[in-house]
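What follows is a short report for someone meeting this structure for the first time. Please look at the sequence and the model before reading on.

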Amino acid sequence: MATPVAEVNEEIRCLAADMAETMYAAPGIGSAATQVNVRKTVFCGGYFRGAEQLEVFINPEIIASEGKTGA
């Protein structure tokens with residue numbers, strides 16, 4: 001289980017940069033810290049809300065949803 005990030009510091013910035021580099025090399029559209037065996041709530045992606053640039057999410061929370069989920 002991932003734990004929240006207490007402080008955005010150089011370690012977290014380097015983690016996000018490394019995750020982005022790995023994501024683009026894969027190639028992929030998103031990467032979570034848990035995918036690289038780091039148990040922190042950090043996610044980066046490149047294609048959200050129509051944007052084609054990298055976005056980094058630290059301690060994201062789902063505050064609203066719409067539509068059906070599951071099978």
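Phe-43 is partly exposed, at a relative accessible area of 26%, where buried means under 20% relative accessible area, exposed over 50%, and partly exposed in between, computed with a 1.4 Å probe and protein chains only. This is a predicted model, in which local features need pLDDT of at least 70 and side-chain atom pairs count only at pLDDT 80 or more, while totals for chains, interfaces and linings use all residues. Residues are numbered from 1 along each chain as its sequence is written, and side-chain values use heavy atoms, with hydrogens and water left out.

A search of the whole structure finds one aromatic pair; rings of Phe, Tyr and Trp (its six-membered ring) pair if their centres lie within 6.5 Å, and planes under 30 degrees apart count as stacked, over 60 as edge-to-face and the rest as tilted. The pair consists of Phe-43 and Phe-57, whose rings are 6.1 Å apart centre to centre with 40 degrees between the planes, and it is therefore tilted. Phe-43 belongs to strand E2 and Phe-57 to strand E3, so that the pair links distant parts of the chain, 14 residues apart. Phe-57 is partly exposed as well, with 24% relative accessibility.

Helices (H or I, at least four residues) and strands (E, at least two) are DSSP runs, numbered from the N terminus. Helix H1 covers residues 10-25, and its 16 residues should span 22 Å at 1.5 Å a residue, which agrees with the 22 Å between its end C-alpha atoms; the expected span is 1.5 Å times one less than the number of residues. The buried residues of H1 are Ile-12, Leu-15, Ala-16, Met-19, Ala-20 and Met-23. Seen down the axis of H1, these buried residues fall within an arc of 130 degrees, so they line one face of the helix, the arc being that of the directions from the helix axis to the C-beta atoms. They pack against E1, E2 and E3, with contact meaning heavy atoms within 4.5 Å. The face of H1 turned away from its buried side carries the exposed residues Glu-10, Glu-11, Glu-21 and Ala-25. At the N-terminal end of H1, Asn-9 acts as a cap, with a side-chain oxygen 3.1 Å from the backbone nitrogen of Glu-11.

The cysteines can be taken next. The whole structure has zero disulfides, a disulfide being a pair of cysteine sulfur atoms within 2.5 Å. The sulfur of Cys-14 has its closest cysteine sulfur in Cys-44, 13 Å away, which is too far for a bond. Cys-14 is partly exposed at 37% relative accessibility, whereas Cys-44 is buried at 0%.

Two asparagines are notable for their backbone angles. Most residues other than glycine have a negative phi. Asn-37 nevertheless has a positive phi, near 65 degrees, and Asn-59 has a positive phi of about 55 degrees. The table gives the place and accessibility of these two residues and of Gly-67.

| Residue | Place | Relative accessibility |
|---|---|---|
| Asn-37 | loop between strand E1 (30-32) and strand E2 (42-45) | 59%, exposed |
| Asn-59 | segment after strand E3 (55-58) | 28%, partly exposed |
| Gly-67 | segment after E3 | 67%, exposed |

Finally, Gly-67 and Thr-41 are 26 residues apart in sequence, and their C-alpha atoms are 25 Å apart in space.

Terms used
Polar contact = N/O pair within 3.5 Å; in protein donor to acceptor, adjacent residues only side chain to side chain.
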